[in-house]
Amino acid sequence: LKTIGEGSVRGTGTAEWDNCLALFVNVGSSRFSNEFFRDGREVAWFGSRRQCNQGALRRTMEAYRQRRQGERGGGQGQDQKARQEHGEEQAGGDARVLLFCREANAPYVFLGDLELTFVDARASPAKLVWRLKCYDFLTENTATSS
């Protein structure tokens, strides 16, 4: 794996590679209210201004804003179309975002791909809500493996 920048997760909660962004979320013990809701289908994550203004996370937030504008009749921007055509983004404009999650001092568990569903950039730190794309797969396999 080739990381972008320093490649350190410690203190940032993120690691960016050439082809994706990984979020490392601590639940139940963080100074932020990282929590699952909607029966575990979505998770809240808080990002600093620095995190939200760089790399894949910034592009994902921009794609989210463009989708929201498109829903209101604004259409898809030319920059987003060009990035998709050159394979720089997944369909829908998002960078691939992966979730690793843990409770206090426990090992991280990989929970799959995420889709950004809500941004409150006015909050400090910014609040981002992500939908677990493979929620059904995770819950079906957890239920059958017990």
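A salt bridge, in this tour, is a side-chain nitrogen of Lys or Arg within 4 Å of a carboxyl oxygen of Asp or Glu. The model open in the viewer is predicted, and a search of the whole structure turns up 7 salt bridges, among them the three visited below.

Begin by selecting R38 and E42, whose side chains meet in a salt bridge with an N to O distance of 3.2 Å. Colouring the pair by accessibility separates the partners: R38 counts as exposed at 52% relative accessibility, whereas E42 has a relative accessible area of 10% and is buried. R38 is classed as exposed because its 52% is over the 50% cut-off, and E42 is classed as buried because its 10% is under 20%.

Next, select D39 and R41, where the side chains form a salt bridge at 3.8 Å, N to O. Here D39 counts as exposed, at 66% relative accessibility, while R41, at 31%, counts as partly exposed.

For the last stop, select E115 together with R131, which form a salt bridge whose closest N and O atoms are 2.7 Å apart. This pair links distant parts of the chain, since E115 lies in strand 6 (residues 109-120) and R131 in strand 7 (residues 126-132), 16 residues apart. With both strands displayed, which exposure class does each partner fall into? E115 is partly exposed, with a relative accessible area of 25%, and R131 likewise counts as partly exposed, at 29% relative accessibility.

Technical notes:
Residues numbered from 1 in each chain as written. Predicted model: local features only at pLDDT ≥ 70, side-chain atom pairs only at ≥ 80, totals over all residues. Heavy atoms only, no water. Buried < 20%, exposed > 50% of the residue type's maximum accessible area, 1.4 Å probe, protein only. Helix = DSSP H or I, 4+ residues; strand = E, 2+ residues; numbered from the N terminus.
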